[in-house]
Amino acid sequence: MTEEKTESVVPEQESDAPETDAKLDDTKPKKAKMPKKKKYAVAGVIVGVVFLACLGFGAWHETPGFCGAICHTPMDPYLATYETGTHDKLGNELDQTEASSMLSYKHKTYMGGMRCMDCHKPVIGQQLSEGANWVSGNYSIAGTNAQGQPYLESRSLADLSEGIGVEEDEFCLNSGCHVATPDREALFEKTKYLGSEYNPHSQRHGDIDCSQCHKAHTQSVNYCTECHATAPVPDGWLTMDEAREKGVVTTPSK
Ligand code: HEC
Ligand code: HEC
Ligand code: HEC
């Protein structure tokens with residue numbers, strides 16, 4: 001298996017999200033005409049535009065046949081992370097407990113059938129705005145997952161928030177969704193059941209990005225386990241080591 005980073009078609013964006021390593025499928029038929037990097041860059045443009053078009057047209061399930069047909073290829077891995085929860089976007093098989101640590105599945109299943117668009121809002125609001133990294137076409141296919149489906153380079157909650165011009169924390173907390181936990185202090189109270197010492201919402205080391213732990217299209221990860229082996233890992237969640245094994249986290253361990 002070769003590992004290769006694909007090129008973005010716009011200058012690299014700063015992101016706190018763990019970079020997704022490309023896992024290219026050697027069995028995929030290769031067309032020799034275009035150098036591979038260029039080919040993926042071109043694919044990136046197309047995917048960006050198509051993603052915009054698909055979501056812009058409305059609910060995932062009600063996309064016009066035109067869109068459904070084109071979108072399905074790059075969006076397939078995301079559909080499983082949402083509809084059935086049987087796989088994460090990397091193609092890892094999941095049971096229902098594991099699936100429920102995935103924000104997209106959790107929000108669909110336990111929170112009144114939220115749809116792609118409920119989180120990927122900026123697409124509609126700012127589809128014409130320059131500031132919307134989210135939709136500006138800088139999508140590249142990161143590789144082919146274990147189910148043989150192409151998936152995209154990772155974005156983070158920070159990218160999503162930037163698209164609608166709010167701070168990362170606000171995206172979930174002050175969105176009219178998590179109104180019962182308006183700030184980090186409230187989150188800390190909420191997860192006291194996990195123990196007071198290694199409460200994941202502790203601010204002992206400052207404000208850790210939500211997306212360092214909460215993931216939408218893969219299982220979530222308790223980042224505290226990077227350094228504290230006894231930090232609590234709820235059912236269905238991953239330790240940092242497990243997350244590396246599954247390809248969810250790709251940064252080298254400390
Ligand atoms: C509960 C909110 C939520 C829902 C619902 C949701 N997403 Fe996401 N999505 C995110 C977040 C947050 C990210 C940033 C990466 C992450 O956390 O996994 C993301 C990332 C993405 C990306 C960027 C590529 C990547 O791998 O990071 C794509 C494409 C995507 N989502 C498609 C979809 C589609 C298609 C649906 C519906 C089938 C959907 N999302 C439903 C929150 C959501
Ligand atoms: C160090 C890891 C970590 C970070 C960073 C983190 N969380 Fe959490 N969060 C968790 C864990 C672990 C749980 C418990 C999940 C469970 O028990 O299933 C949780 C639970 C939650 C819950 C559910 C609480 C409940 O019981 O209803 C919300 C909402 C939440 N987090 C939001 C956030 C937001 C918003 C941020 C960023 C401001 C954030 N979290 C940052 C690890 C983290
Ligand atoms: C990158 C490594 C790293 C991560 C990740 C990390 N810690 Fe720590 N933590 C440390 C170090 C080093 C110390 C000792 C120095 C100090 O007290 O700051 C420490 C100390 C602590 C202590 C004091 C008791 C003790 O074990 O020494 C607590 C409580 C704690 N961390 C909680 C957390 C929680 C909760 C998280 C996740 C939100 C977390 N830490 C994430 C490195 C880390």
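1. In which helix of the protein is confidence lowest, and in which is it highest? The model is predicted, and its mean pLDDT falls to 44 in helix α6 (residues 122–125), whereas helix α10 (residues 240–245) reaches 98. Over the protein, the mean pLDDT is 73, with 63% of residues at 70 or more.

2. Two segments call for caution. Residues 1–50 remain under 50 in pLDDT, and the model has 85 contacts beyond four places in sequence for them. Residues 56–70 likewise stay under 50, with 17 such contacts. Where pLDDT is low, the predicted coordinates should not be read in detail.

3. The surroundings of ligand 1 comprise 25 residues, of which Tyr-78, Tyr-82, Cys-116, Cys-119 and Ala-216 come nearest. Two or more residues of this shell are supplied by each of α2 (65–80), α4 (103–109), α5 (116–119) and α7 (157–164). By class, the shell around ligand 1 holds 14 nonpolar, seven polar and four charged residues.

4. Around ligand 2 there are 21 residues, and those that come nearest are Pro-200, Ile-208, Cys-210, Cys-213 and Pro-234. Helices α8 (168–173) and α9 (184–190) are the elements giving two or more residues to this shell. The shell around ligand 2 divides into 11 nonpolar, seven polar and three charged residues.

5. Strands β1 (residues 141–144) and β2 (residues 150–152) run antiparallel and are joined by three bridges. Thr-144 stands opposite Pro-150 in β2. The two strands form a hairpin with five residues between them, and Gly-148 in the turn has a positive phi of about 75°.

Terms used
Residues numbered from 1 in each chain as written. Chains lettered and ligands numbered in written order. Predicted model: local features only at pLDDT ≥ 70, side-chain atom pairs only at ≥ 80, totals over all residues. Near = placed C-beta within 6 Å. Helix = DSSP H or I, 4+ residues; strand = E, 2+ residues; numbered from the N terminus. Nonpolar A, V, L, I, M, F, W, Y, C, P; charged D, E, K, R; others polar. Pairing = 2+ DSSP bridges. pLDDT = per-residue confidence, 0-100. Contact = placed C-beta atoms within 7 Å.
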